[in-house]
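Hi everyone, thanks for coming. Please have the sequence and the model open in front of you, and we'll walk through it together.

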Amino acid sequence: MEKEKKDNTPKKIARRDVIKSLATVPLLGAVAYGVIKTRKNALLNRDISDVFHISSSDALFLQPKPDGRQIRLGLIGFGIRGNQLMRALGFAEPSYIDNLAEEKKNNPDDTRLDLFREQDNLNIVINGVCDIFDVYGEAAQRAGANINREGSNGKSGPVPKRYRTYQELLAADDIDAVVIAAPDHWHGTMAMDAARSGKHVYCEKPLTWTVPETYMLHQTIKETGAVFQLGHQGRQTACYQKAAEIIEKDLLGHVNLIEVCTNRNTPNGAWVYDIIEGSNPQTIDWKQFEGNKDRIKEYTDYMKSNGLERYMGPEERDQFSFERFFRWRCWWDYSTGLSGDLLTHEYDAVNQIMHLGIPASAASSGGVYFFKDGRTVPDVLQTTFEWPDRDVSMLYSATLASSRDRGKVFMGHDASMEVSNILSITADRNSERYAEKIKQGVISTDQPFFTYVPGQSKVDAVTSATELYFAQRGLLYTYVNGKRYDTTHLHLREWLECIRQGQTTSCNIDMAFDEAITAHMGTRAYLEGRTMYWDKDKKEIVRGEKA
Amino acid sequence: MENNYSKSQLTLLVILRLFIGWHFLYEGMVKVLNPGWSAKAYLMDSQGIFSRMFIDMSSNAGLMKYIDFLNEWALVLIGLGLLIGCFARLSSIGGMILLLFYTLSHPPFLGAEYMMPLEGSYFLIDKNLVELAALAVLFVFPTARIFGIDNLLYKVLPVSFRKFII
């Protein structure tokens, strides 16, 4: 080395040096062999459009018109769901904003405050609120007045009027439309009264508590022409639109079994909600909570005439109870149980995707197997629905005491499709449609060959590694034109736009009727322990023989 | 050029260089030849103190195009450089930089869970870091000046090139 340092003049290059220089170059040939072999696989034609052709369009949502008129809203019910709906409309209590700001301070990655503030302005005003619990009613007023989405130090707008009864709210002439988030046993009655008062209606699911009111509400909405939306915000899930297209194009082969599930494992998920401070017989109008007389009669008549008294009560209806007020979902006296609360979401998604309508039959089983807290509604429930005219069954399987996720799966002869916020399709190893692609190694049957990630995927091509990663990690949100949206916000927005533009909502009264009857069939099958049938011509639920 | 390596030292150092070069070259070529390949999902999955930076990078589609291009071709060129011994020390530095980025985006900390599960168990040191250390060894014990194109370059290029490049 010393010698070299002194002598910097280029040396003469000997033959031996050339050989040494190029000694390792032949290895390139070996790498090239591997690369060529791999290249064949990498460039293997991943296009599957000859057997799997779907449109490249992203989901469509009814877009607001810029010059739409302002809609004046009234809110009935400001419990847990009422709060969520108000926030989806752009109105939150200042204390909620304070909390989000605090969370953001502690964790800069917490974007909830920004997302809420960036949520589109729906051009609405909250003119009236109604809740029979003072704490909720006053909170609803604070939320409705918070037009600038600010915390406690912010400047609020006019305070909406608080009505003690929903009838008074419906009589107000400065309200065009109402959002109903009362307990299940009030849905149908309030929706009917609202439509008859000339208000448009957004009603939380399930549509109804009793079967008779289902028909009356359907008729009332039809007669009054009110713009009605049932609160299945899943209607705004981008993947469901793609799923409907996949079914329509028969890309799964004949779908013969659908499995939908509910899996929860927390007290909150099992409807054991907090008893709110400040609640007592003076701050809660129990008389109103009891329900509408006609509805109670329909319920009582049905239960008693079928020997189902054991599912009623057990406490008297006029006896004040904190549990029953805050955890009403646990008792048939106010609730529709798993069928109405959670099956309906699943069914509505399936109905949106496959347009199945009311099933020909329903059979249920289950029980109170975990939450032995005095509830009368089951915490484990299986209901099977049959559509023999479409040659398909749907199994709803639910538990409130295990959070093992089982997905929403459409099983076809050629492939199965799992749908959530993303959609993935796995070819069946015995598929005929995809047999050749499977043989060629283009489609693998071990993992999804197609994954639709809204706004990310290329259609008509085998799932890329990136999409698969997305799918596995669930790193996904619903985006519309590049902006992240909450489905409840989109669902309310659609309803408001339908009012402005005179269009029909996606979860309109006909869809809602299908939902309600289907849920009631499942509920009755459970309560009575026998299969329920749907008489299509008479439009009636017919009981089967007792098992 | 003259060297002070024993025969077995030289042989094993050359083998180490070829192995790493082979690994980089093949990894790079596979990505170059796969038009759908992108580091996006990998970067989105980043954890640790630099994760915010990597996740932000992944969400910038324009930037990702350059990152993917740079990553693919850097792998290829580094691999080629090591394999044929051309600018081998520069390639070692380049390789170390790439591996450092991979490690910073997916640090092998306890409790870190990644999409692509590792095939072994790692704490602080993973295979990326072992390869990084091996490249450092190759940097301080250069062999391409003996077996490699650098043998020729060493003779024709000015002396200032010798320190970090060949």
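Let me start with a question: is A:R149 buried, partly exposed or exposed? Before I answer, please keep in mind that this is a predicted model. Now, A:R149 has 19 other C-beta atoms within 10 Å. A residue needs 20 or more to count as buried, and 12 or fewer to count as exposed. So A:R149 comes out as partly exposed. You'll find A:R149 in the loop between α7 (134-145) and β3 of chain A. The backbone there deserves a look too: phi of A:R149 is positive, about 55°, although the residue is not a glycine.

That loop leads us to the sheet. Chain A has 6 strands forming an open sheet, and the order across it is β3-β2-β1-β4-β5-β6. The pairing is parallel. Which strands stand at the edges? They are β3 (161-163) and β6 (228-230) of chain A. Each has a single partner strand, so one side of each is left without a neighbour in the sheet. From one strand to the next, the twist averages 20°.

Let's stay with the β3 edge for a moment. β3(A) pairs with strand β2 of chain A, residues 124-130, over 3 bridges in the parallel sense. If you'd like a spot to click on, try A:G128, which stands opposite A:K161 in β3(A).

What lies across the sheet? Helix α9 of chain A, residues 184-196, lies across β1 (71-76), β4 (177-180) and β5 (200-203) of chain A. Relative to β5(A), helix α9 runs at about 165°.

While we're on chain A, here are two prolines for you. A cis peptide bond joins A:K205 and A:P206, with omega about -5°. A:P206 is in the loop between β5 and α10 (211-224) of chain A. A cis peptide bond also joins A:G313 and A:P314, where omega is about 5°. In this case the proline, A:P314, lies in the loop between α13 (293-305) and α14 (322-326) of chain A.

Now over to chain B. How many helices and strands does chain B have? The count is 7 helices and 0 strands. Along its principal axes, the C-alpha trace of chain B spans about 50 × 35 × 25 Å. Of the 166 residues in chain B, 36% are buried. And if you take the contacts in chain B with a separation of 6 or more, 71% of them are between residues 24 or more positions apart.

The helix I'd like you to find next is α5 of chain B, residues 88-105. Does its length come out as expected or not? At 1.5 Å a residue, its 18 residues should span 26 Å, and the end C-alpha atoms are indeed 26 Å apart, so the two agree. Among the buried residues of α5(B) are B:A88, B:R89, B:L98 and B:L99. The buried residues of this helix pack against α1 (7-33), α2 (40-44), α3 (51-58), α4 (61-84), α6 (127-140) and α7 (150-156) of chain B.

Two of those partners also pack against each other. α1(B) and α6(B) meet at an angle of about 130°, with their axes 10 Å apart. An angle of that size makes α1(B) oblique to α6(B). The contact is made by B:L13, B:L16, B:R17 and B:I20 of α1(B), together with B:E131, B:A134, B:L135 and B:L138 of α6(B). The crossing itself is left-handed.

Last stop: the loop between α5 and α6 of chain B, where we find B:H106 and also B:L124. Which of these is buried, and which is exposed? B:H106 counts as buried, because 24 C-beta neighbours lie inside 10 Å. B:L124 has 10 other C-beta atoms within 10 Å, so B:L124 is exposed. Phi of B:L124 is near 65°, a positive value in a residue other than glycine.

As for B:H106, what is it in contact with? Leaving aside neighbours within four places in sequence, B:H106 is in contact with B:S46, B:Q47 and B:Y114. The C-alpha atoms of B:H106 and B:L90 are 25 Å apart, with their positions 16 residues apart along the chain.

That's my tour, and I'm happy to take questions!

Definitions and conventions
Residues numbered from 1 in each chain as written. Chains lettered and ligands numbered in written order. Predicted model: local features only at pLDDT ≥ 70, side-chain atom pairs only at ≥ 80, totals over all residues. Pairing = 2+ DSSP bridges. Helix = DSSP H or I, 4+ residues; strand = E, 2+ residues; numbered from the N terminus. Axes fitted to C-alpha atoms, helices over the stretch in contact; angles between N-to-C directions. Contact = placed C-beta atoms within 7 Å. Expected span 1.5 Å × (residues − 1). Parallel < 35°, antiparallel > 145°, perpendicular 65-115°, else oblique. Left-handed = near helix turned anticlockwise from the far one by under 90°.
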